[in-house]
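Here are some short exercises to work through with the model open beside you. Try each task before you read its solution.

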Amino acid sequence: MKKLFLGVICMALALAACKGGKENGNGYLINGKISDIKSGMVYLKEYQDKNFILVDSAEVDGGQFEFRGFALQTLAYGLTTDKESNNPLVFFLGNENININMSEENKTLEIEGSPINTLYQETVGKVGKEGFDINEFVAANPASALAPYYIMRNLAWGLDLEQLQTLRGKLDASLDGNKYVKQMEDLIARKEGVQVGKIAPDFTLPDPDGNAVSLTDFRGKYVLVSFWAGWCPDCRRENPFIVEAYNKYKDKNFTVLGVSIDRNRDTWLKTIEQQGLVWTQVSDLKYWQSDVVELYAIRWVPTGILLDPDGKILNISLNEDELVKNLASVFE
């Protein structure tokens, strides 16, 4: 009983300390102005691995708004007047006082008093473009939360296991508890299980009729596991190449298993019909939250993983050129 009583006291003190952090100036204060509206609502969202999750809201009064809170670490957030938007205006927030001038019409946030946001505004438009080197950025900013954020949000899909491991090793120890660094570490661990030469992890998902389909059902054949989605323009552009490859090699002990990360059943089924994707299709319609996305460390669609008849991974492709070359190397 004494231990339980002490535990309750400790929890109460912790909650009081957190609340005190907000009220006594140890947390963050956002003083905002918005040019688009004089009254209404502004929503504060936290970036959480491909999605922005609503964490707070503030009323706009005379074009001004305010947020107060406490941040456990400096992370990416977004501001928007659309509660449902997954594309807010992004900035970085820690426990500091910042002034923000917001314009959704011009897609801009002007921020004063925040070095990390100054660096973000200077570099965000360069990430992933010619001339931007993530290795150089990490070397110059090893302790900045921007480094793992750029890696995970913008670049991880195109980085192989060795590149991710190298970048992780360059980050400062002060970031060890950072959410994006933990995501990097988790991605590295999952990628280690889906490397060329390893047996592809089994999974079971429903087809359009609700029948359970397992990857191991295809043992004895070469299988292209095609991760795609009906909402994905790149996937729709690549699908005709997969149709062509399927028709070309289907008589050579080859087939395709389509794994959709759609969330809308009608979009999924309509795309299958429109594009003539006649091979087996499966999906749990959980979008990026699908267990198979995590299992295979999928950060980008389309992604194609070619397996031999024993289920061993032969190669991985992220575009039609790689796909065509990879299939030709096996069947021609």
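**Exercise 1. Find which side chains meet Arg168 in salt bridges, and place them in the fold.**

Step 1. Asp176 and Arg168 form a salt bridge at 3.2 Å, N to O; the term asks for a side-chain nitrogen of Lys or Arg within 4 Å of a carboxyl oxygen of Asp or Glu.

Step 2. Arg168 also meets Glu185 in a salt bridge, at 2.9 Å, N to O. Arg168 belongs to helix 5 (residues 161–170) and Glu185 to helix 6, so this pair ties together parts 17 residues apart in sequence. Helices here are DSSP runs of H or I with at least four residues, strands are E runs of at least two, and both are numbered from the N terminus.

Step 3. Put together, Arg168, Asp176 and Glu185 are linked in a network of salt bridges.

A word on the source: this is a predicted model, where local features need pLDDT of at least 70 and side-chain atom pairs count only at pLDDT 80 or more, while totals for chains, interfaces and linings use all residues. Residues are numbered from 1 along each chain as its sequence is written, and side-chain values use heavy atoms, leaving out hydrogens and water.

**Exercise 2. Decide whether Arg168, Asp176 and Glu185 are buried or partly exposed.**

Step 1. Take the cut-offs: buried is under 20% relative accessible area, exposed is over 50%, and partly exposed lies in between (1.4 Å probe, protein chains only).

Step 2. Arg168 has 16% relative accessibility, so Arg168 counts as buried.

Step 3. Asp176, at 37%, is partly exposed, and Glu185, at 33%, is partly exposed too.

**Exercise 3. Locate the partner of Lys179 and describe the link.**

Step 1. The side chain of Lys179 meets Glu46 in a salt bridge of 2.5 Å, N to O.

Step 2. This pair links distant parts of the chain: Glu46 sits in strand 2 (residues 39–47) and Lys179 in helix 6 (residues 179–191), 133 residues apart.

Step 3. Glu46 is buried at 9% relative accessibility, whereas Lys179 is partly exposed at 26%.

Step 4. For the whole structure, the count is 8 salt bridges.

**Exercise 4. Work out where helix 7 bends and what covers its buried residues.**

Step 1. Helix 7 covers residues 233–249. A kink of about 30° lies at Asn239, shortly before Pro240; the bend is the angle between axes fitted to the seven residues ending there and the seven starting there.

Step 2. Among the buried residues of helix 7 are Cys235, Asn239 and Tyr246.

Step 3. Their cover includes strand 11 (222–228) and helix 10 (320–331), with contact meaning heavy atoms within 4.5 Å.

Terms used:
The expected span of a helix is 1.5 Å times one less than its number of residues.
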